[in-house]
Every structure is written in C-alpha cells, then in structure tokens.
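Q: I would like a close look at a single part of this structure, worked through with care. Please keep to what can be read from the coordinates.

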Amino acid sequence: MDTLKGPAAIYKHEHAAVRNVNEEFQKKGTRGQRVADKVAQIVGSWPFIIFQSAIILIWMGANVYLVYMAGTNSDFFVSWDPYPFILLNLALSFQAAYTGPVVMMSQNRQNEKDRLMAEQDYEINKKAEVEIKIIMDHLVYQDAKINSLLDEIKTLKIVNDKN
C-alpha cells in the first residue's frame, strides 16, 4: 500500500450500475403475462368487489321481485333465475374457474420478480460490505497518520522547549 495514499484512494468503484428490476421485468413480460397482471390487479381490488357485490344483489333482488310479482299477477314477466339462483351460481363458478388460474399466473410472476429483487439486494449488499471495509481501513489509516503527526508535533515542541 502506498504510504501517501490510504485504502480509499486505491479503491476503484467499478461495478455495474444498479438496475431497476421492475422496469426490466415489465419489458420482458409477454402480452399474456401483462394481461394476467392486469386481471389480478382488477379482480383483487375493492372497486371490483363492490361492483360484483352490487351486481349480485341486483340480480337476486330482481329475480326475487319477479317471482313475487309472477305469483301475484299471472301476466307478469317470469323470473329468469328464481331461487336458488342456479344461473347466478353457474356464472360465478365460470368466473372463478377463469380468474383463479389467471391470478395464480400473476402471483407466479410476482414471485419471480421478488426472487430477482432479492438477488439484486444480495449483490448490492456484497458491494456495500466491500466499500464499508475500505472505509474502515481508511479510517484506521487516517488514525495512524494523525497519531504519527501528533507524535512529530510533540517531538518538535519538546525540542523547541529545550532550545
């Protein structure tokens, strides 16, 4: 090690720039993967739950009303899905059959992205550990230099005081 330069002066900060895993992951996704992400984002939201609940309540309310009105007035429109709402059950089963696997595809993709981010964090932590070691070595170097200078000053002061 050069006695005029400390460890920090010798260290070369040469490594690849930190990358944006989110950006890279979005770019490499296929159209199907992006659709799966969008479906999962929509299906897993409160607006979707509220909208779907409202549709179900309207469906059930309209059919109960139509059954009641058909019972009191024989000329009234007959319910298309009377209790126990078999058609509604079929529609919800169909929805679950398709959204379940799509949401799972999105979750698998999210797991892959999380793994890539964890790998990147590990690489950054390794680089940071090396840099912290260099800084600590440089602080030890500076302490030794300062102590050496203080010793020289004390020696010069003692010599000057004798003269």
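How many salt bridges does a search of the whole structure find, and, taking helix α5 as the part to examine, which of its residues are buried?

A: The model is predicted, and its values should be read with that in mind. A search across the whole structure returns 5 salt bridges, and the account below takes up those that involve helix α5, beginning with the helix itself.

Helix α5 covers residues 86-162. With its 77 residues, α5 reaches 109 Å from its first C-alpha to its last, which is close to the 114 Å expected at 1.5 Å a residue. The buried residues of α5 are Leu-88, Thr-99, Ser-106, Arg-109, Lys-113, Leu-116, Gln-120, Ile-134, His-138 and Tyr-141. Among the elements that cover these buried residues are α1 (7-10), α2 (21-28), α3 and α4.

One of the buried residues, Arg-109, also takes part in a salt bridge, in which its side chain meets that of Asp-37 at 2.7 Å, N to O. This pair links distant parts of the chain, since Asp-37 belongs to helix α3 (residues 31-43) while Arg-109 belongs to α5, 72 residues apart. The two partners differ in their surroundings: Arg-109 counts as buried because its relative accessible area is 5%, under the 20% cut-off, whereas Asp-37, with a relative accessible area of 21%, is partly exposed. As general background, side chains of opposite charge can pair when their charged atoms come close.

Two further salt bridges lie within α5. In one of them, the side chains of Arg-115 and Glu-119 meet at 2.8 Å, N to O; because these residues are 4 apart in the helix, about one helical turn separates them. Arg-115 is partly exposed, with a relative accessible area of 43%, and Glu-119 is likewise partly exposed, with a relative accessible area of 39%. In the other, the side chains of Lys-126 and Glu-123 meet at 3.8 Å, N to O, and this pair too is separated by about one helical turn, because the two residues are 3 apart in α5. Lys-126 counts as partly exposed at 37% relative accessibility, and Glu-123 counts as partly exposed at 37% relative accessibility.

The segment leading into α5 deserves attention as well. Pro-84 is found in the loop between α4 (46-72) and α5, and the peptide bond from Tyr-83 to Pro-84 is cis, with omega near 15°. Phe-85, found in the loop between α4 and α5, has a positive phi of about 55° although it is not a glycine. Both features can be set against the general pattern, in which most residues other than glycine have a negative phi and most peptide bonds are trans. At 9% relative accessibility, Phe-85 counts as buried.

Trp-80 is found in the loop between α4 and α5 too, but at 42% relative accessibility this residue counts as partly exposed. Together with Phe-77, Leu-87 and Leu-90, Trp-80 makes a nonpolar surface patch of about 440 Å². The loop between α4 and α5 therefore holds both the buried Phe-85 and the partly exposed Trp-80.

Definitions and conventions:
Residues numbered from 1 in each chain as written. Predicted model: local features only at pLDDT ≥ 70, side-chain atom pairs only at ≥ 80, totals over all residues. Heavy atoms only, no water. Salt bridge = Lys/Arg side-chain N within 4 Å of Asp/Glu carboxyl O. Buried < 20%, exposed > 50% of the residue type's maximum accessible area, 1.4 Å probe, protein only. Expected span 1.5 Å × (residues − 1). Contact = heavy atoms within 4.5 Å. Patch = residues over 30% accessible without salt bridge, like charges linked within 9 Å, V, L, I, M, F, W, Y side chains within 5 Å. Areas by Shrake-Rupley, 256 points an atom, 1.4 Å probe, with all protein chains shown as cover.
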